[in-house]
Amino acid sequence: MTTDAPDHRTLGRALGLFDSDKLMGAGLPYWLPAGAAVRHALERYIHEAERRAGYRHVYSPVLGKRELYEISGHWDHYREDMFPPMDLGGGEQMLLRPSLCPHHALIYRSRAHSYRELPLRMAELGGMYRSELSGVLGGLTRVRAITLNDAHIFCTVEQVAHEARAALEMIRRAYEALDIRPARYRLSLPGGGGKYVAAPEMWRRSVVLLREVLDDSGLPYEAAEGEAAFYGPKIDVQIADPAGRESTLSTVQVDFHQPERFDLRYTGADGAAHRPVMVHRSIIGSVERVVAHLIERHGGAFPAWLAPVQLAILPVGDDQLALADDVRSRALDLGLRVELVPRSHGTLSARIRAGRLIPYQAVIGTREAAAGGLSLRLRNGERLPAEPAGAALRRVAGACAPGGGAAG
Ligand SMILES: [Zn+2]
């Protein structure tokens, strides 16, 4: 580990991914077009992975009444991390939500459920807020507004292990697609102090469940006390920045507490009312933290499917401009993020250098123009033989699909 390793804050600004403004406030970064493109690709990936895994997506508001968080337990156990309530008059107080769970519990509760619907997997990429001191804020890792890749699985106790295992498998696949690695897996247990809800039997049961999942998975893990959520233990997937500092990206949590507090039910095969368990899980954590990690991990040379610009089209001279424009239209139709960089931006070698983080560059000279072909150039300097434009574009589109072949 070196101390001059890339810092996502410096790199993120240099690459035009995100920035902040004192008037918007500390810890409230905004996303520039290049960063927004990366984020959008990530959001699409996760949405699709969840759809395939049987999740249904919802949208819920980022505010809730104070009573909501009194019921969930956040008000008692998590208040110091929350923004102060907004007084709306008439005794009504609203809070910026510190998590999505209470909203999802209410959405579950709004309809009657049968055991046949379980496991019911509810997902949302939603906003939540954390009142951090302005002194510790910076970049995308210490922020006050967070967009979480969140989901809650309402299920029976018997279904918990299967759902937790499936979530771990989704995490493994996502890390592979993102080309990132876990630093370690952690079984996060409660510690001392009044931070945790007092329900010894509930803690014992959920720890046993998660321990079994980890033991069966064959993944190496360490148990750590004082790292649990206030309502239950969790499996945390830790990542490390280039300086070796660890943070939690993905989690799988078991929760008997909130179903109890919200009086959640389903009708069992016996016709009687039963209490579901909530499995909270996040595959890529918050989009802020995962993008910060991706910037540092890849030094801005994102996997092709995430790259802000996937293909740069470089006409050697103005004579090839019309063809270059046609290639751009065809690339856009194939769903690629493409940029035409004409001669007015500099010499060919200067343009190639400026686009060194772009996975594919297509140079169009007189030879290519005459043959209707393209020569692709990869980030590692490798040049593919010229081929008809249609075939070259399909090759790029294939490699830019999530999990597609990585460009050099
Ligand atoms: Zn939750």
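## An open three-stranded sheet

In this predicted model, three strands of the chain make up an open sheet whose order is S4-S6-S5 and whose pairing is antiparallel. The edge positions are taken by strand S4 (63–65) and strand S5 (86–89), each of which has a single partner strand, so one side of each is left without a neighbour in the sheet. Taken on average and with direction ignored, neighbouring strands of this sheet are turned by 35 degrees against each other.

The pairing of S5 with strand S6 (residues 92–96) is antiparallel and rests on 3 bridges, and within S6 it is Glu92 that stands opposite Gly89. As a general matter, the strands of a sheet pair through backbone hydrogen bonds, in either a parallel or an antiparallel sense.

## The chain as a whole

The chain contains 13 helices and 20 strands, and its C-alpha atoms fill a box of roughly 75 × 50 × 45 Å when this is taken along the principal axes. Of its 408 residues, 38% count as buried. Among the contacts in the chain with a separation of 6 or more, 71% are accounted for by residues 24 or more positions apart.

The domain assignment divides the chain into domain 1 (8–298) and domain 2 (311–399). The centres of domain 1 and domain 2, taken over C-alpha atoms, are separated by 41 Å.

## Nonpolar cores

The largest nonpolar core has 82 residues, and the members that touch the most others are Leu42, Val279, Leu311, Ile313 and Ala362. Helix H6 (residues 157–178) provides the largest share of this core, with 8 residues. Where does this core lie with respect to domain 1 (8–298) and domain 2 (311–399)? Both domains give residues to the core, so it lies between them.

Ile313 can serve as an example of the surroundings of one of these members. When its neighbours within four places in sequence are left aside, Ile313 is in contact with Ala324, Val327, Arg328, Val338, Leu340, Ala362 and Ile364; of these contacts, Ala362 is itself listed with Ile313 among the core residues that touch the most other members. Apart from the largest core lies another core, of 5 residues, which includes Tyr196, Val197, Ala229 and Tyr231. In soluble globular proteins, nonpolar side chains tend in general to be buried together.

## Helix H5 and its cover

Helix H5 (residues 101–109) has buried residues at Cys101, Pro102, His103, His104, Ala105 and Tyr108. The elements that cover these buried residues of H5 include two kinds of secondary structure: among the strands are S4, strand S7 (120–129), strand S8 (145–155) and strand S15 (277–282), while the helices include H3 (66–72) and H8 (257–261). Strand S4, which contributes to this cover, is also one of the edge strands of the open sheet described above.

## Strand S11 and its partners

Strand S11 (residues 234–240) is mostly covered, with 5 of its 7 residues buried. It pairs with strand S9 (residues 184–189) in the antiparallel sense over 5 bridges, and in this pairing Tyr185 stands opposite Val237 of S11.

S11 also pairs in the antiparallel sense with strand S12 (residues 246–255), here over 7 bridges, and Lys234 stands opposite Gln253 in S12. S11 and S12 together form a hairpin with 5 residues between them, and Gly244 in the turn has a positive phi of about 90 degrees.

## Backbone features in the loops

A cis peptide bond, with omega at about -5 degrees, joins Leu118 and Pro119. Pro119 belongs to the loop between H5 and S7, and S7 is one of the elements that cover the buried residues of H5.

Two aspartates have a positive phi although neither is a glycine. For Asp179, which is found in the loop between H6 and S9, phi is near 55 degrees; for Asp263, which has its place in the loop between H8 and strand S13 (266–267), phi is about 55 degrees. Are these aspartates, Asp179 and Asp263, exposed or partly exposed? Asp179 counts as partly exposed because it has 13 C-beta neighbours inside 10 Å, whereas Asp263, with 11 other C-beta atoms within 10 Å, is exposed; the cut-off that decides between them is that a residue with 12 or fewer such atoms counts as exposed.

How values were computed
Residues numbered from 1 in each chain as written. Predicted model: local features only at pLDDT ≥ 70, side-chain atom pairs only at ≥ 80, totals over all residues. Domains from an automatic or database assignment. Core = buried A, V, L, I, M, F, W, Y, C linked by C-beta atoms within 7 Å. Buried ≥ 20, exposed ≤ 12 C-beta atoms within 10 Å, placed from the backbone. Helix = DSSP H or I, 4+ residues; strand = E, 2+ residues; numbered from the N terminus. Contact = placed C-beta atoms within 7 Å. Pairing = 2+ DSSP bridges. Axes fitted to C-alpha atoms, helices over the stretch in contact; angles between N-to-C directions.
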